[in-house]
Amino acid sequence: MERSSELFARAKEVLPGGVNSPVRAYRAVGMTPRFISRADGAYIWDADGRKYIDYVCSWGPMILGHNHPIIREAVQKAVMDGLSFGAPTQREVEIAELMIRMVPNVEMVRMVNSGTEAVMSALRLARGATGRDKIIKFEGCYHGHSDCMLVKAGSSAMDGGCPDSAGVPAGTAKDTLMAQYNDLTSVQQLFDENPKQVACVIVEPVAANMGVVGPNPGFLQGLRDICDREGALLIFDEVITGFRLAKGGAQEYFGVRADIVTFGKIIGGGMPVGAYCGSRELMEHVAPCGPVYQAGTLAGNPVAMAAGLAQLSYLDTHPEVYTAIAASAEKLAQGMRQAAQETHAPVQINQVGSLVAPFFTPDSVQSFSGAKRSDLKKYASYFGNMLDRGIYLAPAQFEAMFVSAAHTRADLEQTVAAAKSVFESL
Ligand code: KE4
C-alpha cells in the first residue's frame, strides 16, 4: 500500500483532504485511500498493483463494467474530431432522441455536466414554472451539493457529520423542507403547513445514499397523488436509478410518472454528464425558450456525448442486461444473507434491482432512521477486511454496492465467501 500512501501524503498538500470528492478520502472507515491506476471489466487495480472486484463502479456509471470496448472506441473516434466546440453537435441531438425513446413521460432534454447541475437546474425550473419557492426533500437523500440540497443530506455529507453544510445561508435553507422517506404523512403535513408555497417534491425513487432503501408499496404513487392535489411538481432524481433499474429507469420500474427527471452517471458512460428532462411544456420554460436561465461551457461536450451515446445505445439494444444485473445482485444479496445467518451476524442486506447494501443492525431497514441504527464501526471493519480480501466497496455505510454486467458468477461467489469470513469475525 506504499504507493497509495505516498500519493495520499502528496495529495493532502494540494487537495483538501487529498481528494476531489469527500467520500474518496476513506474518512468514514479511518483508512488510507487506495489510489486506483486502472480498471477493466469488473476489476480495478490500485497504485500498488493490487486487483479488486469493484462494486463502486465509479459510483454507478460503469453499468457495463470498466473500459467497455464499444465505449472506449466511441471516445477514441470522437477525440480525433476535436474535444470541444461550444456549439451544437449532431450527437447531442442523437442522445436526446434516444433518451426520449427510452424514458417514459419525457419530451425534451437539457444536458449539463453533473448530477448536481442537473438537480440544481431542475429545482430552478420547478420554481420558475410554478412561481413557488419551497422545496420538499427527504432526510438522508442526497441530490448533489447545490446549496438548497445540502440540508440533512445523505451520502458523504452524512459521513463528515455535516448533513447541513457550512456556507449555506439560512435564507436558502429555510425554503428546503424536510420529510421522511417512506412516510407520506410527513409530506402531506409540510404541504398543510405551507399551502400553495411548495414548488416541488424531489425524491430518490430508490434511496441509495443512506445505504439502499427501497420505496414501500404505494409511496411513490402517493407522492404523485399529493403533488397533483397540491399543484406541485414531482422530481425523480434518477442520477443513480436512471437507465439502471430499467431502460426507462424508476418511472418504468415502479410505474409512477414524474414531472421532471434528473440523470447523471450512466448517461455519460464514465464521462462528466448530467441531464434534466420533462414535458415540452415544462422544458420550454428553460432559456433560450423561456425565463429559467441555465447554461454551461461544456454541456453536451462531443466526447462525453460519444461515451454516453455508446453506453445508452448498448443498453437500448441489449435489454437483457437489466435482467442479468438484477439476477446477479439478487444472487449476491441472497448469498450474503445466508452468510449472515450461518455466522449469526447482525447484518441486513437490502437489494433493489442491481443496487445492494449491507446494514450492521439486527433490525430490517426500511427508513432513514433504520439506516442510522447501523453500527458504523462494524461497517468500517467490514470494509477494511473485504478490501484485504480483494473486494472494493464504498468506503462509507451510506452508499450502495453497484452490480454491473461485467461481474461474473465467480466474482459474486468470491464476494459472498469473503463476506462470510468477515461476518464470522464481527
Ligand atoms: P454528481 O454531481 O456527483 O454527478 O451527482 C450528484 C448526485 C445527485 N443525485 C444522486 C441521487 C446522487 O447519488 C448523486 C451523487 N452520488 C454520489 C454517491 N453517493 C457521488 C459520489 C461522490 O459524491 O463522490
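Two strands count as paired if DSSP finds at least two bridges between them. The exercises below concern a predicted model.

**Exercise 1. Determine the strand order of the sheet that contains β12, and state which strands stand at its edges.**

Step 1. The open sheet has three strands in the order β11-β12-β14, and their pairing is antiparallel.

Step 2. β11 (348–352) and β14 (401–402) each have a single partner strand, so these two are the edges and one side of each lacks a neighbour in the sheet.

Step 3. The pairing of β12 (residues 355–359) with β14 rests on two bridges, and Val 356 is placed opposite Met 401 of β14.

Step 4. Helix α12 packs on this sheet with contacts to β11, β12 and β14, and its direction makes about 170° with that of β11.

Step 5. On the other side of the order, β11 and β12 are joined by five bridges in the antiparallel sense. Val 352 stands opposite Leu 355 in β12.

Step 6. The connection between β11 and β12 is a hairpin with two residues between the strands, and Gly 353 in the turn has a positive phi of about 60°.

Step 7. Although β11 is an edge strand, four of its five residues are buried, so the rest of the structure largely encloses β11.

**Exercise 2. Test whether the length of helix α15 agrees with its number of residues, and locate its buried face.**

Step 1. Helix α15 covers residues 409–425, which is 17 residues. The expected span is 1.5 Å times one less than the number of residues.

Step 2. This gives 24 Å, and the end C-alpha atoms of α15 are 25 Å apart, so the two values agree.

Step 3. A residue is buried if its relative accessible area is under 20%. In α15 the buried residues are Asp 411, Leu 412, Thr 415, Val 416, Ala 418, Ala 419, Val 422 and Phe 423.

Step 4. Viewed down the axis of α15, these buried residues fall within an arc of 165°, so they line one face of the helix.

Step 5. The face turned away from the buried side carries the exposed residues Arg 409, Ala 410, Glu 424 and Ser 425.

Step 6. Among the elements that cover the buried residues of α15 are β2 (43–46), β3 (51–54), α12 (320–342), α14 (376–388) and β13 (391–392).

**Exercise 3. Place two of these covering strands, β3 and β13, in their sheet.**

Step 1. The sheet is open and consists of four strands in the order β1-β2-β3-β13, with mixed pairing.

Step 2. Its edge strands, β1 (36–40) and β13, pair on one side only.

Step 3. β3 and β13 run parallel and are joined by two bridges. Ile 53 has Ile 391 of β13 as its bridge partner.

**Exercise 4. Describe the surroundings of strand β9 and decide whether its faces are covered or open.**

Step 1. In a regular strand, side chains alternate between the two faces of the sheet.

Step 2. In β9 (residues 260–263), Ile 260 and Thr 262 point to one side, Val 261 and Phe 263 to the other; all are buried, and both faces are therefore covered.

Step 3. β8 (residues 233–237) pairs with β9 in the parallel sense over three bridges, with Phe 236 opposite Val 261.

Step 4. Together with helix α9 (residues 249–254), β8 and β9 make a right-handed β-α-β unit.

Step 5. β10 (residues 274–278) pairs with β9 in the antiparallel sense over four bridges. Tyr 276 in β10 is the bridge partner of Thr 262.

Step 6. Val 261 is also among the contacts of Val 106, together with Met 99, Ile 100, Cys 277 and Gly 278, when neighbours within four places in sequence are left aside. Val 106 is found in the loop between α3 (90–102) and β4 (108–112).

**Exercise 5. Classify the loop residues Leu 64 and Glu 139 as buried or exposed, and list their contacts beyond four places in sequence.**

Step 1. Leu 64 lies in the loop between β3 and α2 (69–79). Its relative accessible area is 7%, so Leu 64 is buried.

Step 2. Leaving out residues up to four places away in sequence, Leu 64 touches Ile 71, Gln 311, Tyr 314, Leu 315, Val 321, Ala 405 and Ala 406.

Step 3. Leu 64 and Tyr 314 are 250 residues apart in sequence, while their C-alpha atoms are 9.0 Å apart.

Step 4. Glu 139 is in the loop between β5 (134–138) and α5 (156–159). Its relative accessibility is 15%, so Glu 139 counts as buried.

Step 5. With neighbours within four places set aside, Glu 139 contacts Lys 152, Met 178, Ala 179, Gln 180, Met 210, Phe 368 and Lys 372.

Notes:
Residues numbered from 1 in each chain as written. Predicted model: local features only at pLDDT ≥ 70, side-chain atom pairs only at ≥ 80, totals over all residues. Heavy atoms only, no water. Buried < 20%, exposed > 50% of the residue type's maximum accessible area, 1.4 Å probe, protein only. Arc of directions from axis to C-beta. Contact = heavy atoms within 4.5 Å. Right-handed = clockwise from strand over helix to strand, strands pointing away. Axes fitted to C-alpha atoms, helices over the stretch in contact; angles between N-to-C directions.
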